[in-house]
Amino acid sequence: MAEQSGLIKGLEGVVAAETALCDLDGANGRLAYRGYDIDELARQASYEEVAHLLWRGELPTRAQLDGFCAELTAARPIPDQLLAAFRLLPKKADPMRALQMATAMLGTFDPDATDNSQEANLRKALRLTSQLATAICAHHRIRLGQEPVPPSKDLGHAADFLFMLTGERPSAVNVRAFDAGLILYAEHELNASTFTTRVITSTLSDMHSAVAGGIGAMKGPLHGGAGEAVMLTLKEIGQVENVDAFVEKALAAKRRLMGFGHRVYRGGDPRQVILRDLAEAACRQSGQGMWYEMAVRLHERVNRAKGLIPNVDFYSAPLFYSIGIPVDLFTPVIVAGRMAGWTAHIIEQHQDNRLIRPRGQYTGPGRRLFVPLDRR
Ligand code: ACO
């Protein structure tokens with residue numbers, strides 16, 4: 001019998017790493033990146049400023065930001081071989097699988113791939129963040145039978161993403177909403193995917209491998225995949241008048257309602273509050289107010305009936321949908337946002353590494369005599 005361990009299922013409440021990146025106060029529903037409140041960052045900063053803050057420790061000055069944006073812009077193109085690989089994939093290939101493949105493949109081209117030094121990791125974080133945005137859009141267009149739109153040199157990160165996706169210059173309102181969405185997804189302490197990247201990093205593996213693992217963890221419907229599920233739920237409901245009957249039926253069937261509940265925030269997810277405002281503006285501006293109204297009613301009914309609170313993936317669904325993001329790209333978009341946080345955690349883990357290796361509590365049979373194959 002193995003020694004008894006203090007099993008904590010799902011590692012709930014376990015503190016597994018020190019981090020200077022994100023201050024998550026679940027009891028009071030507050031979130032700050034390196035001391036800056038998420039509300040101020042989402043409403044006033046750009047994704048590039050937040051990436052600089054997470055990677056370099058401080059918000060950039062104007063001059064620093066100009067140089068940093070130029071580096072991000074220069075890193076946007078992806079190798080022709082990756083575009084060729086996208087063309088070889090089945091048209092129905094899941095964009096998250098394509099993204100995982102792209103990450104591994106970009107590692108084979110990266111000159112710093114196996115260098116885990118701080119300087120190399122900063123270069124890789126910047127490069128991979130830019131390249132994955134390009135890769136998401138290129139794969140999407142190729143699967144639709146369209147040519148990829150090359151990155152633009154005169155657009156910021158959020159605007160260029162929307163441009164590469166659609167081939168059209170996005171409106172200022174949509175760029176602002178999308179930029180804020182990316183910021184709100186940029187970092188969130190030791191969530192499942194970030195923890196995955198830190199576990200992989202703790203073996204002294206490299207950044208591309210850790211990010212590929214993070215993408216695998218992000219894909220699941222209990223994590224980043226919830227946003228897509230929220231939009232599919234809203235489509236299933238169809239119209240505001242159907243919400244009450246849907247909730248009644250869903251609760252009677254003990255159905256898990258996507259976009260509700262959170263392991264850490266018990267009183268409310270602060271990101272949800274900002275996303276709700278953004279979703280309202282974007283849905284109304286695009287003439288799709290019904291998605292917002294349906295979401296609000298669903299929120300109220302579920303909260304009243306079960307006390308569950310919406311999480312970050314709830315209002316981001318109508319927001320992304322109304323600015324033209326296809327539903328099965330919601331999770332890749334979350335990855336695009338989370339790149340800054342994952343890579344910052346990978347850098348932090350390398351700075352003070354110890355192999356992450358928890359124990360399992362054995363529940364199988366006791367010791368048994370081996371029976372050779374021909375006597376079984
Ligand atoms: N719908 C219905 N019931 C729920 C939900 C939900 N969304 N969330 C929690 N509950 C209920 C559970 O049934 C359980 O009830 P019980 O005690 O009567 O059995 C109780 O609340 C506790 O639920 P757990 O699953 O144990 O809570 P946990 O902390 O493990 O899970 C999680 C958190 C996974 C986020 C959960 O709330 C969930 O499945 N939500 C839906 C998926 C989702 O939106 N995920 C995105 C999270 S944010 C992010 O990752 C970006």
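Start by selecting the two sides of the domain boundary: 25 residues of domain 1 are in contact with 23 residues of domain 2, where contact means heavy atoms within 4.5 Å. This is a predicted model, in which local features need pLDDT of at least 70 and side-chain atom pairs count only at pLDDT 80 or more, while totals for chains, interfaces and linings use all residues. Residues are numbered from 1 along each chain as its sequence is written, and side-chain values use heavy atoms, with hydrogens and water left out.

**Colour the domains**

Give one colour to domain 1 (22-219 + 329-351) and another to domain 2 (226-322); these bounds come from an automatic or database domain assignment. Taken over C-alpha atoms, their centres lie 26 Å apart. Together the domains bury about 1,900 Å², with 69% of that on carbon and sulfur atoms. Buried area here is the accessible area (1.4 Å probe) that two parts lose on being put together, summed over both. Next, show L184, Y185 and F330 as sticks: in domain 1 they lose the most area to domain 2, together 34% of what that side buries.

**Zoom in on the polar links**

Now select R43 and D277. They form a salt bridge, with the closest N and O atoms 3.3 Å apart. The rule, a side-chain nitrogen of Lys or Arg within 4 Å of a carboxyl oxygen of Asp or Glu, finds one salt bridge across this interface.

Which elements give two or more residues to the side of domain 1 that touches domain 2? Select strand 1 (22-25), strand 2 (30-33), helix 1 (38-44), helix 8 (172-185) and helix 16 (330-351). Helices (H or I, at least four residues) and strands (E, at least two) are DSSP runs, numbered from the N terminus. Helix 8 supplies the largest share, seven residues.

**Finish at the small sheet**

Show strands 1, 2 and 3 as a cartoon. They make an open sheet in the order 1-2-3, with antiparallel pairing; two strands pair if DSSP finds at least two bridges between them. The edge strands, each pairing on one side only, are strand 1 and strand 3 (36-37).

Strand 1 and strand 2 are paired over four bridges, and L24 has L31 in strand 2 as its bridge partner. Their hairpin has four residues between the strands, and G29 in the turn has a positive phi of about 60 degrees.

Two bridges join strand 2 to strand 3. Click Y33 to find its partner Y36, then A32 to find D37. Two residues separate the strands of this hairpin, where R34 takes a positive phi near 45 degrees.
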